[in-house]
Amino acid sequence: MEAFDLLVIRTGESVFAINNACPHLHLPLTNADVTEEGVLVCNMHLSCFDLLTGDIKAWCPGLDPDGTAKNPQIKALGNISKNRTPLNVFPVRVNEGRIWVALE
Ligand code: FES
């Protein structure tokens with residue numbers, strides 16, 4: 001397994017573990033927001049992911065559905081944003097105050 005940064009998130013009673021790299025541009029997610037519905041929102045380009053499944057809820061909302069950008073200010077973002085990939089999530093168990101993460 002390749003080395004990566006693991007990010008553990010506690011929200012309410014729930015604990016999640018994810019690869020600390022946004023699937024969009026692999027930037028850290030340490031400043032991402034988490035909604036009450038368990039959706040992680042990357043603060044860079046606002047892609048959204050389901051924290052339970054990793055599924056994409058929204059992919060760079062500033063881009064057109066085909067991954068391109070008509071807005072000249074983010075046009076360069078279009079070509080590097082076409083490979084939609086879900087968030088890498090890992091199973092978590094909390095037992096007696098300890099957090100266990102299954103990495104494989
Ligand atoms: S780096 Fe997260 S949405 Fe672009």
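## A tour starting from L87

Select L87 and show its surroundings: leaving aside residues up to four places away in sequence, L87 touches I18, N19, A21, P23, L29, F49, L51 and G54. Keep in mind as you click around that this is a predicted model.

Now widen the selection to the largest nonpolar core, which has 17 residues. Which of these touch the most other members? They are I9, I18, L29, L40, F49, L51 and L87, so colour those seven if you want them to stand out. The elements that give two or more residues to this core are β1 and β2.

Those two strands are your next stop. Select residues 6-11 for β1 and residues 14-19 for β2. The two strands are antiparallel and pair over six bridges. Look at the end of the ladder where T11 stands opposite S14 of β2. Two residues separate the strands in this hairpin, and one in the turn, G12, has a positive phi of about 65°.

Stay on β2 for a moment. Is this strand mostly covered or mostly open? Mostly covered: five of its six residues are buried. β2 also has a link to β7, so add residues 89-90 to the view; two bridges join these antiparallel strands. To find one of the pairs, pick A17 and look across to its bridge partner in β7, F90.

Next, hide that part and bring up the open sheet. Four strands make up this sheet, in the order β3-β4-β5-β6, with antiparallel pairing. Select 33-34 for β3 and 56-58 for β6: these are the edge strands, and each has a single partner, so one side of each has no neighbour in the sheet.

In the middle of that order, zoom in on β4 (residues 39-41) and β5 (residues 48-50), which run antiparallel and are joined by three bridges. Click V39 and you'll find D50 as its bridge partner in β5.

D50 makes a good last stop. This residue sits in strand β5 and is buried, yet D50 has no salt bridge. How far away is the nearest side chain of opposite charge? That side chain is K57, 4.5 Å away, whereas a salt bridge is counted within 4 Å. Show the contacts of D50 to finish: not counting residues up to four places away in sequence, D50 touches G38, D55, K57 and V89.

Notes:
Residues numbered from 1 in each chain as written. Predicted model: local features only at pLDDT ≥ 70, side-chain atom pairs only at ≥ 80, totals over all residues. Heavy atoms only, no water. Pairing = 2+ DSSP bridges. Buried < 20%, exposed > 50% of the residue type's maximum accessible area, 1.4 Å probe, protein only. Core = buried A, V, L, I, M, F, W, Y, C linked by side-chain atoms within 4.5 Å. Contact = heavy atoms within 4.5 Å. Lys, Arg positive; Asp, Glu negative; His and termini not counted.
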